[in-house]
Amino acid sequence: MAAAAASAFSSTSHFALNKTHSPRRLSLPLRRSSAVGFSARRRTKPAAPLVTVRSLAHGRGGGGGNDGNFGGGGGGWNGGDEGESSGKRNREEAAMALAEIGRGTESLPADLAAAVEEGRIPAEIVRRFAELERSAVYRWLMQFAGFRERLLADDLFLAKVGIECGVGIFTKTAAEWERRRENFMKEIDFVVADVVMAIVADFMLVWLPAPTVSLRPPLAFNAGPIAKFFYSCPENGFQVALAGSSYSFLQRIGSIVRNGSKLFAVGTSASLIGTSVTNALIKARNSEDSAGEAEVPILSTSAAYGVYMAVSSNLRYQIVAGVLEQRILEPLLHNHKLVLGALCFAARTGNTFLGSLLWVDYARMIGIQKSEETE
């Protein structure tokens, strides 16, 4: 709250200076506001009612800079007249949407109610929340902040998770069958371990780059500049900003870097667990089989997989979610959910297949896997 107050004071002071030095004349006399601290120089209508300039804290995210590019919440809220008018318009339209569905802000989750009152989200998000609550499954999932932010940005998010995990199970199992053939059932323990780790990785590949409607509270006043910067970045570097907000190019790059670091940790951890389980099973089998089987190098494989997810998977999934789905398919097929879902299924299946090819080439290039010709 202290950060929001400081941001409001800085923004309103900047607003004051701009108005003071503007060549345009004010048509209404202004009373000195405690938040702004100025009054009009000339009174053209002495009998007119006095107007108090409102604080610009509403309609802006916390923890941001004065230029609006680093605002928190749903993005970098525009400063000055544009930011104030956007926040006011969002509040009025959201209030009308709530009146239409016969609800008040007290019936909304605390973070969503705060975003409505601050003018950080447009009316369409309020309507989408009401529509999603009609489903018992969505109503239960939206009790959790992470799911709520993603479902409000994309009502097909859950379907995309199912598509990605389903495709991952099928393709991974097919790859295991292709590699093991007649030993598939004998080595079913390896297969299960690999498929489980693939499901975890696939879920995170949908979760992290998914566009969101950010409902986070402002950062603490003493937060560092790095924390403030990454707080202001979107979840997806290519996602569409909400009405009244915008993201700078640097913030979008920051989103890719932040998600890359998270996916590096996810990929490395998943591979560490998977290769450790695989090696344990190999040791148990080698104790009964004199021929023996070479163990998988744990550290090099895990680090390589982490780098692969941070770079290749990160960029591919951000482009699929933020460009192909949100910017191209969704606007064209918004009212044709079945067709939209089918095209998303095709796009994500193709992306998974491409990722499998790239991983094999990458693993052979760095030497953690050998091609059949060199074995």
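This passage describes the two largest pockets of a predicted model and the residues that line them.

The largest pocket encloses a volume of about 2100 Å³. Its lining is made up of 49 residues, and among these Lys172, Glu176, Arg179, Trp359 and Gln369 lie nearest the centre of the pocket. Two or more lining residues are given to the largest pocket by each of the elements α7 (157-180), α8 (188-207), α10 (249-286), α11 (298-332) and α12 (337-366). Of the elements that contribute to the largest pocket, α12 provides the largest share of the lining, with 9 residues. When the lining residues of the largest pocket are sorted by class, 20 are nonpolar, 14 are polar and 15 are charged.

The second largest pocket holds about 410 Å³ of space. A set of 27 residues lines this second pocket, and those closest to its centre are Glu124, Arg128, Ala153, Val240 and Gln326. The elements from which two or more residues enter the lining of the second largest pocket are α4 (123-132), α6 (145-153), α11 and α12. Here the largest share of the lining comes from α11, which supplies 5 residues. By class, the lining of the second largest pocket comprises 16 nonpolar, 4 polar and 7 charged residues.

Taken together, the two linings draw on some shared elements, in that α11 and α12 each give two or more residues to the largest pocket and also give two or more residues to the second largest pocket.

Technical notes:
Residues numbered from 1 in each chain as written. Predicted model: local features only at pLDDT ≥ 70, side-chain atom pairs only at ≥ 80, totals over all residues. Heavy atoms only, no water. 1 Å grid on protein atoms, 1.4 Å probe; cavity = no way out; pocket = protein on both sides within 12 Å on 5 of 7 lines; lining within 4 Å. Points joined across faces, edges and corners; volume = space filled by probe spheres on them. Helix = DSSP H or I, 4+ residues; strand = E, 2+ residues; numbered from the N terminus. Nonpolar A, V, L, I, M, F, W, Y, C, P; charged D, E, K, R; others polar.
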